[in-house]
Amino acid sequence: MSDLIEGFLGKSVDGKKSRLPAKLDYIQSATGLFLGLFMWGHMFFVSTILISKDFMYSLTKFMEGSMFFEEPKPGLVSTMVGIVIVVLVVHAAMGMRKLPTNFRQWQIFRTHMKMMRHDETNMWFIQAVTGFSMFFLASAHLFLMLTQPAMIGPFSSSDRMLTLWPFYLMLLFAVELHGSIGLYRLCIKWGWFEGSDAKKTRKTLKKVKWAITVFFLVLGLATLLAYLKIGLEHSDNAGERYHPTTQIEKIYSVNTGVKA
Ligand code: HEM
């Protein structure tokens, strides 16, 4: 009953201001922090193709439990994707509370933005638009990863990126801008790294934020180009699975009995 009253009046039964919005803000921040840090790890994982195909392959097998199981378990990757999907849905649901919900609100926001020319407001606008775009872009990518976990590897990922590169390009810019602005706003909102001079800290954090954005966009674009190059070279044999050099050696020596 008290939740009902709180939901209607925005006040708890004893007349105090409802703590619900603060709790929801906390959930949004916590899920945002998880996704932001996850994306840093994810970009380093995907960009291992820049080191070598073998390295990306062995990391993919590691994600499939090669350290613990004889046979690779792509189901482990699907489980991880499932967890990311749940966190992403909760985060998006919390984020929707902040988006302008009708044309009037949108108009007011845009006018405010044009008049104020305020950095933080512009950043919030970028975050709102990129957040909205990821309702679709991130869901599509995650659905692919959830249902085809075994189709991750130097050749399978390159074949897919060769076909879907415009999609990945949009997703890359959306997630890097949204993620780095989000982490910056979390630091400001919760006063992390504040120190004695909040104004100076905010300036430094903004520089760090842009440095991180540029770093991950450059890394992401270089990674995308690397997959496209492999995809083009491999396009005659698209669909063929990648065999790492060591395994080829092993297969070779098993088949011929001659050390390669
Ligand atoms: C556990 C969940 C995830 C897994 C297993 C995963 C896996 C991968 C893999 C294997 C690739 C290489 C391309 C491919 O094979 O299709 C990739 C690329 C990419 N993923 Fe994910 N991903 C996950 C979650 C996400 C999320 C939540 C986002 C953003 C909201 C995202 C954004 C991207 C982007 C932008 C690329 C392209 C990278 C580049 O262009 O350099 N991924 N991901």
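**Close-ups of an iron site in a helical chain**

**View 1. An octahedral iron in a predicted model.** Six donor atoms sit around the iron atom of the ligand, and the angles they subtend run from 85 to 179 degrees, so the arrangement counts as octahedral. Keep in mind that this is a predicted model. Which donors come from the protein? They are H42 and H141, each through NE2, lying 2.0 Å from the iron atom. This pair ties together distant parts of the chain: H42 belongs to helix α2 (residues 20-46) and H141 to helix α6 (residues 119-147), with the two positions 99 residues apart. Are these two histidines buried or exposed? Both H42 and H141 are buried.

**View 2. Polar neighbours of the ligand oxygens.** Here we move on to the oxygen atoms of the ligand. A side-chain N or O atom of Y168 is 2.4 Å from one ligand oxygen. R160 also joins in, with a polar side-chain atom 2.7 Å from an oxygen atom of the ligand. G220 takes part through its backbone instead: one of its backbone N or O atoms lies 2.7 Å from a ligand oxygen. As for the shell as a whole, the elements giving it two or more residues are α2, α4 (74-96), α6, α7 (154-190) and α8 (198-233).

**View 3. Who lines the ligand.** Now take in the whole shell, which holds 23 residues around the ligand. Which of them come nearest? That group is H42, H141, S157, R160 and Y168. Which helix gives the most to the shell? It's α7, with 7 residues.

**View 4. H234, a histidine in a loop.** This view leaves the ligand and turns to the loop between α8 and α9 (245-256), where H234 lies. Why does H234 count as buried? Its relative accessibility is just 4%, and the cut-off for buried is under 20%. Leaving aside residues up to four places away in sequence, H234 touches F155, D159, G239 and E240.

**View 5. Stepping back to the full chain.** To put the close-ups in context, the chain has 9 helices and 0 strands, so to speak α from start to end: the pattern reads α-α-α-α-α-α-α-α-α. Of its 260 residues, 37% are buried. Among contacts with a separation of 6 or more, 73% are between residues 24 or more positions apart. The chain exposes about 16,100 Å², and carbon and sulfur atoms supply 70% of that area.

How values were computed. Residues are numbered from 1 along each chain as its sequence is written. This is a predicted model: local features need pLDDT of at least 70, side-chain atom pairs count only at pLDDT 80 or more; totals for chains, interfaces and linings use all residues. Side-chain values use heavy atoms; hydrogens and water are left out. Helices (H or I, at least four residues) and strands (E, at least two) are DSSP runs, numbered from the N terminus. Buried means under 20% relative accessible area, exposed over 50%, partly exposed in between (1.4 Å probe, protein chains only). Contact means heavy atoms within 4.5 Å. Accessible areas come from the Shrake-Rupley method with a 1.4 Å probe; for residues, only the protein chains shown count as cover. Donors are N, O and S atoms within 2.8 Å of the metal (3.2 Å for Na, K and Ca); water is not among the atoms, so sites may look incomplete. Four donors count as tetrahedral if all angles lie between 85 and 135 degrees; four count as square planar and six as octahedral if opposite donors are over 155 degrees apart and all others between 65 and 115; anything else is irregular. A residue is near a molecule or strand if one of its heavy atoms lies within 4 Å of it. A polar contact is a pair of N or O atoms within 3.5 Å; within protein, one must be able to donate a hydrogen and the other to accept it, and residues adjacent in sequence count only if both atoms are side-chain atoms.
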